[in-house]
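Reader: I am new to reading structures. Could we go through this one together?
Author: Certainly; please look at the structure here.

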Amino acid sequence: MLEFRDILLRQGDFALAADFTLPQGRYAVIGASGSGKSTLLSLVGGFLAPDRGRLAWDGQDITGMVPGRRPVSMLFQHHNLFPHLTVAQNVGMGLRPDLRLDWAQKDRVAQVLAQVGLSGTAARRPGALSGGQQSRVALARVLLRARPLLLLDEPFAALGPALKSEMLDLLSAIVADTGATVLMVTHDPADARAFAPQTVLVEDGRAHAPRPTGPLLDDPPPGLRAYLG
Amino acid sequence: MGAGHAVAALLTALILGTLGAVAWAAGGLSVLTEWDWRALRFTLWQAALSATLSAALAVPVARALARRRFRGRGLLVTLLGAPFILPVIVAIMGLIAIFGRNGLVNDSLRGIGLPEMSIYGWQGVILAHVFFNLPLSVRLILQGWQAVPAERFRLAASLDFGPRDIARHLERPMLRNVLPGVWLAVFLVCLTSFTVALALGGGPGATTVELAIYQAFRFDFDLGRAATLGLVQIALSVGALLLARRIAVPAGFGTGMDATGAPPGPGGWRRGADALVIALAAGFLLAPLLSVTASGLPRVGALPADVWSAALRSIVMAVTSAALTITACLVLALAVARGAGRWVEAAGMLPLVASPLVLGTGLFILLRDLATPQQMALPVTVAINAAMALPFGLRALIPAAQALQADYGQLAASLDLKGLARLRLLVLPRLARPLGFAGGLAAALAMGDLGVITLFAGDQPTLPLKLYQLMNSYRMEDAAAASVLLMALSFALFWLFDRGGRMDA
């Protein structure tokens, strides 16, 4: 359970407020460009600190925790893999960032690579893989880290529609496996409907408490309506 | 961030502390003689003239290279970057071989009954400065030419512009933007000219402030006057850098020079003129080096043992110096990339304010009660060479470190990748190229440097100093061979470091 307790974050003229609780589940985060969707994720990921309020996971205050220690895995829009490391090394970092892995851990890496359908690519560099395969590598690492909270900042935006839905299916399988809570930023209503029963709307400097995705998108508030067109 | 601040503080203490010692020992402007004021006037005059000549001569060469395509063009453009790491004393040997008393030029002048020219004196100083800075200027102006979008040249062609119209509407506006920076870059380099003045100048009409510091220090043992001259030199550098803040000085190395897709250049007589300009420039740059190589190469094997031990000493010093530079560069660049504040970056650029001879004088003042000049010669030379290479290294590393932080900083943080593991798995592999490049520059500059070491010259000469001693004792055959050795070692060190940075790619 993720709690935003009276959070306020300021960046120059921009401000973002959040005061609600997310029980375990899957959430889409939706809103116009520049509304603060990514800011909300950066706040949870630990890359931005709120000026006011606390953030708690399962009752424990995580406001001051550094990103790598949070119960969080995050996929960014770009740069989810280190291009100079092999696929196995990129995934292995999910177990030990210094990559001093023992045999059992190396086996785990091979296992998750097989699980996302990438057996045989372990020794390759990301540059030698297709965009969809690269996404799978990043998801394999998420699987291996098994953190209870997963943040997705449109990591599949650059993929074509078929690949994207393939990734969302894989993601659903992983989440079903690990029971993680997911926050997924998206600008595509179809993704939100397909993946997330609940949606957090970010509008006018505020992240709103989640509402059922279907009804929200069927009858969006004026700002979101203008954005969705 | 702690390490970045520590290195920045250490560097600031080294430079400002040294300058402070110089200021403390300075005797006030009244100790300066008429000779010293002439040195100041000559320094400004020769730097201005060298800059003007280099920039003016570079324009036709850059234009010819910009609008012509020929075999070997890429090689020539790459070679234009070589003088940056060419030891100054080697170039002087080459210029003497061509323009000296028994050189090609004077032989021809005698042959057609004209008076000889001497390479010693102000004209030699200017000649050597143009030799070093013409290539730099050509590269900078060429970048300006290639920054003009090819579409504009195509538009000009479609509007049936003649060469004059192109010059008026496209080339002159670009040159107005680029030339002030080029001029200033050369002016700055020539302001602290020491080796050229030492070898080719020296008389009343051809002594720079740097050389006057050396003379006051070494021949007159007048530390107060040397220090006062040091202050004058600092004032010159600071003044020029303040000027540089108003004019953007471009960086002259490391950028690619690709074909632009512009339409072919004009035909007719301009074609021949461009060919002539390119041939003249290439000849001016290559003939001295080829001449030294031709006379020196066969004798390298016969060089006496003390030259070889000087070479070994220089290699060790250059590699040590380069290691110091890349370590400091890396620490500072990472700190700057993490937003350590402008003073850390400013500390890394601080060596630009100080000249090697001023630093050498200051360190001597600080250390004279602790060590003999012989004892401090090599460590002080290594430290000053490392510091002087720092600004060049930082120019390559800071943008790379910033890109690293912007692209992978969050990913690394989210995976809890930090400390030594971050250095090993992220920073070193991603920054290997600029690190190798910076190390290569630092090693080559240190290898070829003939500056501070002359202040302390003892029984342990570096290879450039040994070469200078050979020249002074008229052992020109050994000097030519030592030149070839020094040039080869400088280029080899640069290549090895630079190559090392690309191994993984």
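Author: A term to begin with: two residues are in contact if their C-beta atoms, placed from the backbone, lie within 7 Å. Please keep in mind that this is a predicted model.

Reader: Understood. Which residues does Ala333(B) touch, leaving out those up to four places away in sequence?
Author: Ala333(B) touches Leu394(B), Leu397(B), Ile398(B) and Ala401(B).

Reader: What are the residues with the most contacts inside the largest nonpolar core?
Author: They are Ile92(B), Ala333(B) and Leu397(B), in a core of 230 residues. The largest share of this core comes from H16(B), which gives 20 residues.

Reader: Where does that core lie with respect to domain 1 and domain 2 of chain B?
Author: The core lies between them, because both domain 1 (1–29 + 303–505) and domain 2 (31–285) of chain B give residues to it.

Reader: How far apart are the C-alpha centres of those two domains of chain B?
Author: The C-alpha centres of domain 1 and domain 2 of chain B are 24 Å apart. Their contact takes 39 residues from domain 1 of chain B and 34 residues from domain 2 of chain B.

Reader: Which element gives the largest share of the domain 1 side?
Author: On the side of domain 1 of chain B that touches domain 2 of chain B, H20(B) gives the largest share, eight residues. The residues of that side are 29 nonpolar, nine polar and one charged.

Reader: Let us change topic. How many residues does each chain give to the contact between chain B and chain A?
Author: Chain B gives 15 residues and chain A gives 16 residues. On the side of chain B that touches chain A, H16 and H17 of chain B each supply at least two residues. H16(B) gives the most to that side, with six residues. The side of chain B that touches chain A divides into nine nonpolar, two polar and four charged residues.

Reader: Next, chain A. Is Ala28(A) buried or exposed?
Author: Ala28(A) counts as buried because it has 28 C-beta neighbours inside 10 Å, and the cut-off for a buried residue is 20 or more. Ala28(A) is found in strand S3 (residues 26–30) of chain A.

Reader: What is Ala28(A) in contact with, leaving aside its neighbours within four places in sequence?
Author: Ala28(A) is in contact with Met184(A), Thr186(A), Ala192(A), Phe195(A), Ala196(A), Thr199(A) and Thr213(A).

Reader: Back to chain B. Why is H19(B) described as largely enclosed by the rest of the structure?
Author: H19(B) is described that way because eight of its 10 residues are buried. Among them are Leu463(B), Pro464(B) and Lys466(B). The buried residues of H19(B) pack against helix H4 (88–99), helix H9 (195–200), helix H13 (305–337), H17, H18 and H20 of chain B.

Reader: What happens just after H19(B)?
Author: Tyr474(B) takes a positive phi of about 55° there.

Reader: One last helix: how many residues of H10(B) are buried?
Author: Nine of the 10 residues of helix H10 (residues 209–218) of chain B are buried, and the helix is mostly covered. The buried residues include Glu210(B), Tyr214(B) and Phe217(B). Those of H10(B) that are buried pack against helix H2 (34–67), H9, helix H11 (223–246), H15 and H18 of chain B.

Terms used: Residues numbered from 1 in each chain as written. Chains lettered and ligands numbered in written order. Predicted model: local features only at pLDDT ≥ 70, side-chain atom pairs only at ≥ 80, totals over all residues. Domains from an automatic or database assignment. Helix = DSSP H or I, 4+ residues; strand = E, 2+ residues; numbered from the N terminus. Nonpolar A, V, L, I, M, F, W, Y, C, P; charged D, E, K, R; others polar. Core = buried A, V, L, I, M, F, W, Y, C linked by C-beta atoms within 7 Å. Buried ≥ 20, exposed ≤ 12 C-beta atoms within 10 Å, placed from the backbone.
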